[in-house]
Amino acid sequence: MRRTSEAIDALQAMPCGRWLLSEFAPDEGVRLVGGAVRDLLLALEPRELDLVVEGDVDQAAARLGGAVVAHDRFGTARVEAGGCRFALARSRAETYAAPGALPDVRPAPLEEDLRRRDVTVNAMALGFDGELVAVEGALDDLAAGLVRVLHEASFVDDPTRLWRVARYSARLGFTVEPRTRELAAAADPSTVSGDRLGAELRLALREPDPFAALRAAADLNPRLLPAGFEVNERAARAALALLPEGARGDLVVLAACVSGMDAGALLRWLDDMGFTAAERDLVAASSRFVTGAPLRAARTNAEIARAARGAPVEAVALAGGENARRWMDDLRHVRLEITGDDLLAAGVPEGPEIGRRLQRALDRKLDGAVDGRDEELIAALSG
């Protein structure tokens, strides 16, 4: 584990870290906090740079320039500038009116702010002079590789912490401390909204190893995931290897895991978790392709295209196999040179027959029976 001076050197070596160090002096009440401190001490590259501010958050955010989004209720702000992203929060204390409710906040000293956080290894703040402030046991847990909540009511106050514990343990290879595991098993995730749980699920799906994060969540508290959810790593990894650039790998992972769910229950759960209609439909469609039977049974290029037609690329990838690869690499890009206007000009009446004839020509082109505009037109007009 690094010394704090080495952590500051590592921060200085990062372009965004160097910017922070140039903007704020050590005595200005701005410190690096949470996971960024943890990762620097573990000699890891921080995923994000969070700051705790003992003072005016808006002024600190303005110092960084760029686009600022402030949330006055919680005394927080997000800044994007020069390719860097910073999350700033006023040093504060929190109280919860009811289990799972959003917290009520008030300004508080740094030590109190750290005690409100999720786990000990995140309850650390690093000054830009290398001074470290941490809750009791934080450094010991970091050295031992333990994830431990800070108090007995942690999961009662905020059940979304269940997901965060699962993500941290999976990402870092840490062990969940026994009492934390007991508290997690007894927690009731239903006291928090589906939207908030869904936001945490989406973060888990974007982890470097989403399968480990999902398994860790199911192990901590099975109620975090619906009946019929099963981590189908084999199918998902095979599909991810086929996906073209820009496709939704996170939704492919989810679709592979929910393929055993009842269709109606799946749609209701996705809605409850706050997925958009487009995301919901993609996951539902892709989950039905996991067996891949029609696509795998296809023998010709035209049959492959027919089996894949209309499905999102994520669904075809989940079907897997050589036919899915052929569709991804080649067949989905095949287009006719002729259009319906050409058929109308040749005397084909307007209506469904136009589409049928174009499809016939495309099938023959896919199978290598026609080549070029003239042959396509002959294929469309024949028969």
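Let me start with charge: in this predicted model, the chain carries 48 positive and 61 negative side chains, and if you take the centre of each of those two sets, the centres lie 4 Å apart.

Now to the overall form, which you can follow on the structure as I speak. The chain has 22 helices and 11 strands. Its radius of gyration is 27 Å, and because this is well over the 21 Å that the globule rule gives for 383 residues, the chain is more spread out than a compact globule. If we look along the principal axes, the C-alpha trace spans about 85 × 45 × 35 Å. The accessible surface of the chain comes to about 18,000 Å², and carbon and sulfur atoms account for 50% of that surface.

What share of the residues is buried? Of the 383 residues in the chain, 49% count as buried. As for contacts, if we take those between residues at least 6 apart in sequence, 62% of them join residues that are at least 24 apart.

That brings me to the interior. In soluble globular proteins, nonpolar side chains tend to be buried together. In this chain the largest nonpolar core has 111 residues, and the residues with the most contacts inside that core are Leu32, Leu88 and Trp269. Which element gives the largest share of this core? That is helix 13, residues 249-257, which contributes 7 residues. Apart from this core lies another one, of 9 residues, with Ile338, Leu358, Ala379 and Ala380 among them.

Please find Leu32 on the structure, and leave aside residues up to four places away in sequence. Among the residues that Leu32 then touches are Leu11, Leu20, Val37 and Leu40, and the list also includes Asp50, Met124 and Phe128.

Let me now move to the later part of the sequence, beginning with Val370, which sits in the loop between helix 21 (352-366) and helix 22 (373-381). Is Val370 buried or exposed? Its relative accessible area is 8%, and because buried means under 20%, Val370 counts as buried. Not counting residues up to four places away in sequence, Val370 touches Ala361, Arg364, Lys365, Glu375, Glu376 and Ala379, and Ala379 is also one of the residues in the 9-residue core. Val370 and Ala305 are 65 residues apart along the chain, and their C-alpha atoms are separated by 16 Å.

Leu381 has its place in helix 22, and at 35% relative accessibility Leu381 counts as partly exposed. With the same neighbours in sequence left out, the contacts of Leu381 are Leu343, Ala346, Val348, Arg357 and Arg360. The C-alpha atoms of Leu381 and Ala361, which are 20 residues apart along the chain, are separated by 8.7 Å.

I would like to finish with three residues from earlier in the sequence. Ser22 is found in helix 2, residues 15-23, and with a relative accessible area of 56% Ser22 is exposed. Between Ser22 and Gly130 there are 15 Å in space, C-alpha to C-alpha, although the two residues are 108 apart in sequence.

Where is Ala43? You will find Ala43 in the loop between helix 3 (35-41) and strand 2 (49-53). The phi angle of Ala43 is near 65°, which is a positive value in a residue other than glycine, and at 46% relative accessibility Ala43 counts as partly exposed.

Ala97, finally, lies in the loop between strand 6 (92-95) and strand 7 (104-107). At 71% relative accessibility, and because over 50% means exposed, Ala97 counts as exposed. Ala97 and Asp157 are 60 residues apart in sequence, and their C-alpha atoms are 8.9 Å apart in space.

Methods:
Residues numbered from 1 in each chain as written. Predicted model: local features only at pLDDT ≥ 70, side-chain atom pairs only at ≥ 80, totals over all residues. Heavy atoms only, no water. Core = buried A, V, L, I, M, F, W, Y, C linked by side-chain atoms within 4.5 Å. Buried < 20%, exposed > 50% of the residue type's maximum accessible area, 1.4 Å probe, protein only. Helix = DSSP H or I, 4+ residues; strand = E, 2+ residues; numbered from the N terminus. Contact = heavy atoms within 4.5 Å. Rg over C-alpha atoms; globule rule 2.2 N^0.38 Å. Areas by Shrake-Rupley, 256 points an atom, 1.4 Å probe, with all protein chains shown as cover. Lys, Arg positive; Asp, Glu negative; His and termini not counted. Charge placed at Lys NZ, Arg CZ, Asp CG, Glu CD.
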